[in-house]
Amino acid sequence: KAKGDTEKMDWVFNHLIGDLPESSFPKLQSLVNSILNLNIISKLGFAPLTAMNDIGVAAVHLSYQGVPLLKSYSRMIMETVKGQSKEMMEDIFRFLHSGTDGVFSFGMGRYQIGDSQPGAFTNMVDTFVNATGLVQLTNRMRTAYSKITSMHMADMASQHSWTSLPSRYKEFLGVYGIDGNDWKVIREKGLVSMDEHLPEMLQGKKVERIPREQYVVPESVLRGESSVHLKSVSQKLSRLYYNEARTAIPEAGLKAKELMMLKQYEGSAAGLALRLFWQFRTPTVHMMQTMFPRMRTMGPTALMHTLPLTGIGYASLTAKDFFRGRTPRDPTDPQTFLLSVGQTGFFFGMSDIVARINSHGAVNLDELVGGTNYTMFKDFSEVSGGMLTGDKTAFKAYNFLKSITPFGNVWYGEAAMNYFVHDRFRELWNPGFSQQQNAFLASKGQKKFFGYQPDEV
C-alpha cells in the first residue's frame, strides 16, 4: 500500500511540475494525438448545445454553497446570456480567475486526457472550437459561476462570523484550507464594493458600467499590507475560484486524470490506450468525483434539481433537433425524459445507451464499453472488409466518411449540409433512406421541417 501511495504521489507531482518522461513510442503517440484531434473536429460540432447542460451542473454546485435553488438557475442563465463587456471581462472578473483561459483548456481539455502536439491538426482544433462557439460559451458560464460564487461569499461574510456560518458552507471553504482566522481576514479586508473600490484598481481605465454589488476578491485582501497570512488567504481564494469554475463547468483535474490513467504516463503504450478509451468521458468522471459527493451531502434537497435539470436537458435536445431541421421531441415520451436526463452526464453511460437506441434502434454492448475510438475502428474495419469482399458498402462507407470529416457537423451548418449534400447521396446509395428516416422520426413524434425529400427532383 505504501508503495502504491508513493507511486501515486510521484505521478501527481510529476504532472504538477511538468516533468514527464518522454514517450517510448513517439510515432504511435503522434498517431494517437492525430486520432484524438480528428474526433474533436469531426464529432464535437454540437458541443456548445450539449454544454448548455453545464448551467444545471453549475446550479447544483451553487445550491450546495447555499444559494436558493431557483436563484441558482435564474442567475446562471441570466449571467450567461447577457455576458460581460470586454472591459469588465478583462479588468474586473480577472480578479476571480475565470473566463480568461485559452482554447486548449476549454476545447480539448474538457473532453480528453493530455496535451496535444503542435501541428496542423492542433491548429485545426484551435480553429474548430472557436468556430463552434465552445470557447466563448465556456468562458461565459465560468465567469458567471465565479461571479455568483464571489457575490454569495460576500453575502455570507457580511452576515456571518465563522461560528454562525452554515456547516455546509464551512465544509465548502474547508476544502481550500480556509479556516476561522482566514474568514476573519476575508470579513475585514476581502469585501469589495465594485462601484467604490474598483476604479482605483482599474487605474483610470474606463468601463461601460460598474455594478453596485459586493464581491470577495483575492487581491483586495492584500491592500495596504502583505503579510504571510494575508498572502496565504489571497492564494486560497484564488485557488477556490479557479478550481470551482472547472468543477461547475466540468474539466477533469489531476485527481480525475490519476484515476483514469491508472498511474500510467501519457506516452506509454498503456497510457496511449487509456487516452483513446477515455476520450469524451472525462467530464462525467470529474462529476462523479466532485458533484456526486456534494449531492449526497445535500440529501433530499438534491432531488429538487431533477426537474430543472431535465428541463435544461430537454432544451438542449430541442436546440439540437432544431439545427438538424427537425421538430421537437414528445416531452411525455419516457425515452425523451431519459435522454434529457442523460444529457446532463449524471448517469455514466446512460446517455450513450439512450442515444444509440434513439438513433440506431439498438445498443451494441461492445461499442458502449469501448467508446468513441473503438466504434470508429470497428466501423472502419467493417467498411474496409466489405470493400475487400465485394459487399455493397457504399452507404456505410459514406456514413463513415461523414463521421470523420473535419468540420462536418458544426451545429449551425448541419441542416443545410444534410439537405444539400448528405441526404441526397444517402438516398442515391440506399434508395428509400429518406422514407425510412421519416418513419423513424414519426415513431418518436417528430418530423423534418427542413430536409431533403426524393420527390423534390
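Which helix is Gln29 found in? Gln29 sits in helix H2, which covers residues 26–43. Before the close-ups, a word on the model: it is predicted, local features need pLDDT of at least 70, side-chain atom pairs count only at pLDDT 80 or more, and totals for chains, interfaces and linings use all residues. Residues are numbered from 1 along each chain as its sequence is written, and side-chain values use heavy atoms, with hydrogens and water left out.

**Figure 1. The whole protein, with its 24 helices and 2 strands.** Helices (H or I, at least four residues) and strands (E, at least two) are DSSP runs, numbered from the N terminus. Of the 457 residues in the protein, 49% are buried. Here "buried" means under 20% relative accessible area, "exposed" means over 50%, and "partly exposed" is in between (1.4 Å probe, protein chains only). Now for contacts, meaning heavy atoms within 4.5 Å: among those with a separation of 6 or more, 75% come from residues 24 or more positions apart.

**Figure 2. Gln29 and Glu266, far along the chain but 8.5 Å apart in space.** These two are 237 residues apart in sequence, and the 8.5 Å runs from C-alpha to C-alpha. Gln29 has a relative accessible area of 16%, so it is buried.

**Figure 3. Two charged-type names tucked inside: Lys147 and Asp321 are buried.** Lys147 is part of helix H9, residues 134–159, and its relative accessibility is 1%. Its side chain makes a polar contact with the side chain of Glu79, at 3.2 Å. (A polar contact is a pair of N or O atoms within 3.5 Å; within protein, one must be able to donate a hydrogen and the other to accept it, and residues adjacent in sequence count only if both atoms are side-chain atoms.) Asp321 belongs to helix H17, residues 306–323, and has a relative accessible area of 1% as well. Leaving aside residues up to four places away in sequence, Asp321 touches Arg326, Thr327, Arg329 and Gln446.

**Figure 4. The largest nonpolar core, with 63 residues.** A nonpolar core is a set of buried Ala, Val, Leu, Ile, Met, Phe, Trp, Tyr and Cys residues joined through side-chain atoms within 4.5 Å. Met153, Leu173, Trp183 and Leu237 have the most contacts inside this core. Helix H9 gives the most to it, with 11 residues. Zoom in on Met153 and, not counting residues up to four places away in sequence, you'll find it touching Tyr169, Leu173, Trp183, Val216, Leu237, Leu240 and Tyr241. Apart from this core lies another, of 11 residues, including Ile35, Leu38, Met376 and Ile404.

**Figure 5. Helix H24, residues 433–443, and its buried residues.** Phe433, Ser434, Gln437 and Leu441 are the buried ones. Look down the axis of H24 and they fall within an arc of 95° (taken from the directions from the helix axis to the C-beta atoms), so they line one face of the helix. Over on the other side, Gln435 and Ser443 are exposed. Helix H22 (394–403) and helix H23 (414–429) are among what covers the buried residues. After H24 comes Gly445, with a positive phi near 80°.

**Figure 6. Aromatic pairs, of which the whole structure has 15.** Rings of Phe, Tyr and Trp (its six-membered ring) pair if their centres lie within 6.5 Å; planes under 30 degrees apart count as stacked, over 60 as edge-to-face and the rest as tilted. Trp411 and Tyr412 make an edge-to-face pair, 5.1 Å centre to centre with 80° between the planes. Phe425 and Trp429 are stacked, because their ring centres are 5.4 Å apart and their planes are at 25°. Both lie in helix H23, 4 residues apart, or about one turn of the helix. Phe425 is partly exposed at 35%, and Trp429 is partly exposed at 39%.

**Figure 7. Leu262 and Phe280, two loop residues with a positive phi.** Most residues other than glycine have a negative phi. Leu262 has a phi of about 55° and lies in the loop between helix H14 (254–261) and helix H15 (269–278). Its relative accessible area is 56%, so Leu262 is exposed. Phe280 has a phi of about 70° and is found in the loop between H15 and helix H16 (282–298). With 22% relative accessible area, Phe280 is partly exposed.
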